[in-house]
Amino acid sequence: MNLFDLSGEVAAVFGGTGVLGGAMADALAAHGAKVAVIGRSEDRGRYAVERIEAAGGTAVFVPADAMSKDSIRAARDAIIAKWGGVTVLVNGAGGNKPEATVMPGGDFTKLPLEGWSAVFDLNLVGGTLLPCQVFGESMVAAGKGSVINIASMSAILPLSRVVAYSASKAAVLNLTQWLAREWATKGVRVNAISPGFFPAEQNRRMLLRDDGTYTERGQSIVGHTPMGRFGEAKELAGATVWLAAAKASGFVTGQNIVVDGGFSSVTI
């Protein structure tokens with residue numbers, strides 16, 4: 001028995017047009033799932049689909065605005081019409097805002113509420129809550145599904161500067177556990193993956209200079225990572241496929257899978 005065979009599964013990947021979400025979409029397709037890449041950029045979505053198809057997988061781009069429940073519902077219905085019910089949901093959309101960041105010497109008490117709210121909308125509301133409501137509705141009705149929320153290392157160890165981002169990702173973990181309990185007897189498992197530090201569009205300038213060398217902050221992070229490097233997007237594949245595959249992780253729910261090169265094990 002192949003524990004990681006996803007043939008017959010239909011996966012919806014929010015954020016599948018990005019680096020990390022794209023790697024997860026690639027991995028799910030490589031193991032046999034039909035993958036709907038969901039995002040706002042048609043160009044990036046088409047590119048992701050072409051990449052998956054070139055590797056022998058099956059994929060389609062479905063446009064959606066993660067902040068609109070109606071848009072998410074339309075995306076879900078389009079996927080169901082094409083392939084049937086979605087059985088795997090990856091919530092990989094999210095990000096940070098400069099106005100919700102407290103730089104060295106900054107004043108937390110002056111942090112604008114608008115910036116704080118925008119980051120919570122990105123990561124908790126649009127990034128997790130609304131897709132869980134819309135796709136969870138059909139999963140619960142079918143009695144089958146695996147939801148994979150993307151949290152962050154900063155959800156466990158609040159990082160300096162990114163206060164709203166850290167708090168919003170901690171909320172993602174809390175919602176993950178709540179939903180896991182709520183849906184445990186309804187055939188739907190809900191787990192999270194907390195990536196450590198993986199250079200992507202949003203954080204590359206924070207971690208790396210243009211010549212590829214570490215910034216001061218990047219060097220500090222690598223210095224606190226036992227494996228002595230940043231992660232590569234493809235290294236999220238194993239955790240993603242494992243959580244998606246009911247044969248491999250059918251008794252796993254409400255968990256946070258940390259993929260961080262040992263960063264969270266360092267206490268000093």
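**Ring pairs, a buried helix and salt bridges**

Phe 197 is buried, and Phe 263 is buried too. Everything described here comes from a predicted model. The two phenylalanines make an edge-to-face aromatic pair, with 5.0 Å from centre to centre and 65° between the planes. Phe 197 sits in the loop between β6 (188-195) and α7 (204-207), while Phe 263 belongs to the segment after β7 (256-259), so the pair ties together parts that are 66 residues apart in sequence. In total, the model has 4 aromatic pairs.

Another of these pairs brings together Tyr 214 and Phe 230. Their ring centres are 5.2 Å apart and the planes meet at 80°, so this pair is edge-to-face as well. Tyr 214 comes from the loop between α7 and α8 (216-223) and Phe 230 from the loop between α8 and α9 (237-244), so the contact ties together parts that are 16 residues apart in sequence. As for burial, Tyr 214 is partly exposed, because its relative accessibility is 28%. Phe 230, on the other hand, has a relative accessible area of 9% and is therefore buried.

Next comes helix α1, which covers residues 19-30. From its first C-alpha to its last, this 12-residue helix reaches 16 Å, close to the 16 Å expected at 1.5 Å a residue. Plenty of α1 is tucked away: Gly 21, Gly 22, Ala 23, Met 24, Ala 25, Ala 27, Leu 28 and Ala 29 are buried. What do the buried residues of α1 pack against? The partners are a mix of strands and helices, namely β1 (10-14), β2 (34-39), α2 (42-54), β4 (88-91), β5 (145-150) and α9. After the helix comes Gly 32, which has a positive phi, near 110°.

One of those packing partners, α2, is home to Val 49. With a relative accessible area of 9%, this valine falls under the 20% cut-off and so counts as buried. Setting aside neighbours within four places in sequence, Val 49 is in contact with Val 37, Ala 59, Val 60 and Phe 61. Ala 233 lies 184 residues from Val 49 in sequence, and the two C-alpha atoms are 17 Å apart in space.

At the start of the chain, the picture turns to the surface. Met 1, Leu 3 and Phe 4 form a nonpolar patch there, and together they offer about 330 Å² of accessible area. Leu 3 is located in the segment before β1. This leucine is partly exposed, because its relative accessibility is 33%.

Charged pairs are next: the model contains 9 salt bridges. In one of them, Asp 70 pairs with Arg 73, and the closest N and O atoms are 3.1 Å apart. Both residues lie in helix α3 (residues 69-83), and because they are 3 residues apart, about one helical turn separates them. That spacing fits the general geometry: an α-helix has 3.6 residues a turn, so residues three or four places apart point the same way. Is Asp 70 buried or exposed? Its relative accessibility is 57%, so Asp 70 counts as exposed. Arg 73 is partly exposed, with a relative accessible area of 28%.

Helix α3 also supplies Arg 76, whose side chain meets that of Glu 137 in a salt bridge of 3.0 Å, N to O. This pair links distant parts of the chain, since Arg 76 is in α3 and Glu 137 is in helix α4 (residues 113-142), 61 residues away. Arg 76 is buried, because its relative accessible area is 9%. A further salt bridge joins the side chains of Glu 235 and Arg 229, at 2.7 Å from N to O. Both ends of this bridge are partly exposed: Glu 235 has a relative accessibility of 34%, and Arg 229 has 32%. Back at α3 and α4, Arg 76, Asp 77 and Glu 137 are joined into one network by salt bridges that share partners.

Helix α4 is also where Ala 118 is found. This alanine counts as partly exposed, because its relative accessibility is 23%. Between the C-alpha atoms of Ala 118 and Arg 209 there are 27 Å, and the two residues are 91 residues apart along the chain.

Technical notes:
Residues numbered from 1 in each chain as written. Predicted model: local features only at pLDDT ≥ 70, side-chain atom pairs only at ≥ 80, totals over all residues. Heavy atoms only, no water. Phe/Tyr/Trp six-rings, centres within 6.5 Å; stacked < 30°, edge-to-face > 60°. Helix = DSSP H or I, 4+ residues; strand = E, 2+ residues; numbered from the N terminus. Buried < 20%, exposed > 50% of the residue type's maximum accessible area, 1.4 Å probe, protein only. Expected span 1.5 Å × (residues − 1). Contact = heavy atoms within 4.5 Å. Patch = residues over 30% accessible without salt bridge, like charges linked within 9 Å, V, L, I, M, F, W, Y side chains within 5 Å. Areas by Shrake-Rupley, 256 points an atom, 1.4 Å probe, with all protein chains shown as cover. Salt bridge = Lys/Arg side-chain N within 4 Å of Asp/Glu carboxyl O.
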